[in-house]
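Me: Please take a close look at the sheet for me, starting from the loops around it. I'd like one connected walk-through.

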Amino acid sequence: MSASRNIYKDDIDFTALALQSPEFAQYLKSNGQLDFTDPDAVRQLTQSLLQRDFDLKVNIPDKRLCPPVPNRLNYIFWLQDLLDTTGDKHQDSYDADRKVVGLDIGTGCCSIYPLLGCSMRTGWSFFATDIDEGNIESSRANVSANGLDSRITVVRTDSEEKLIPLDTKLKVDRLDFTMCNPPFYASRDEMIASAEAKDRPPFSACTGAEVEMVTAGGEVAFISRMIEESLQLRNKVLWYTSMCGKLSSISVLIEKLIEHGNNNYAVTEFVQGNKTKRWALAWSWTDIRPTAAVARGIPTIPKHLLPFPSEYTFTATTESIDEVATTVDAELGALPLQWLWRKSLATGVGFAMQNVWSRQARRKLRNPDAMADQPPVEESKAALGFRVQLKKEVSDDKRVKVIIRWIKGTDTVLFESFCGMLKRKIDSKP
């Protein structure tokens, strides 16, 4: 996530907010500080930030979990990046024409994720579920108050039902993503012990209902249910995602995904100031791969648990970007794969059904019968999808940087083989 997009990357200026929101001003102390032990003050902070920064009118009921805006916004930004880097156009950028449908599991009392998502992306729409009737009523009221009934559908579910009820409650065939902020704690005793063991941090003064904070087995058990359901739904959801309140949960859940044969997942951490930190996990049963920046966002977990890098970068020995471009286009254009080079952008996208660049593959292709047996290249069935981009280094030697982006596939060896071949071809040119 680009820090420049995050309007809360610096501390919130409470004095400025008070000048813009009379409702918030009544809670601000004379020294410009806010009493975070006062649930009413924290509730008003969330409401005033949503009003000022997103033009969202939200009412947060008493005795319900008060969602901190900066933390929730970080999750939405990461989802945007995850989807933008796994789009059909393979551009790794925002496609304003793309229609996206997501599911917020356990939407809470005000459906903050759907409200934020819809306020920033006009092509997004949401289903939002919850098992608490009070949350359902207040969320529906907040959705209606912002005129978003046509884009956000709030659905009551039961604790015994599926977490992702596509066919039963949602009545849809597929989703682009699911998101969730599951209860952290496995029991009420654990919740109380956790509160007693640490000072109360900012944005946590509002006391949530037990149904919002406690679930049998804690967040690992809850997200494990999502993983089990995803094994049945598979490609009916492009990205399954969830926030985690404990870093330790991420490693356990990654191990579960690996046990089930999944190697297309993403992790990140959400850091707000120096006090609030959360983590998130996403996984897909498709072979469309996000960028490394999106997928490998937790530097502190064991390296072997990070997803395989989806980019390979090296520097060519020449200073001429035209020379490198000519080599790349000629070498890849001569292979039996789908290849489109855009000279003006110094970028090309290709798809291969199999390894067609190794010495063994090249020898086989010299046989006319073998060439005739080559399957036609179909993007949807390709074993490898890649993008090659050339950039001029901003440095004294001004050499050309070659960026190979893995956009499709599950075979890490195949991707590495392709990268090695292209590097050798470029390096071998005088």
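Reply: Happy to! Buried means under 20% relative accessible area, exposed over 50%, and partly exposed in between (1.4 Å probe, protein chains only). D55 has 53% relative accessibility, so it counts as exposed. This is a predicted model, where local features need pLDDT of at least 70, side-chain atom pairs count only at pLDDT 80 or more, and totals for chains, interfaces and linings use all residues. Residues are numbered from 1 along each chain as its sequence is written, and side-chain values use heavy atoms, leaving out hydrogens and water.

D55 sits in the loop between α3 (39-54) and α4 (69-84); helices (H or I, at least four residues) and strands (E, at least two) are DSSP runs, numbered from the N terminus. Though not a glycine, D55 has a positive phi of about 55 degrees. K171, in the loop between α7 (166-170) and β4, also is no glycine and has a positive phi, of about 60 degrees. At 63% relative accessibility, K171 counts as exposed.

That loop leads us to the sheet. It is open and mixed, with eight strands in the order β3-β2-β1-β4-β5-β7-β6-β8; strands pair if DSSP finds at least two bridges between them. β3 (152-156) and β8 (296-297) are the edges: each has a single partner strand, so one side of each lacks a neighbour in the sheet. β1 (residues 100-105) and β4 (residues 175-180) pair in the parallel sense over four bridges, and I105 has C180 of β4 as its bridge partner. Helix α10 (residues 218-233) packs on the sheet, touching β1, β4, β5 (237-244) and β7 (276-283), where contact means heavy atoms within 4.5 Å. Its direction makes about 175 degrees with that of β5 (axes are lines fitted to C-alpha atoms, for helices over the stretch in contact; angles run from 0 to 180 degrees between N-to-C directions).
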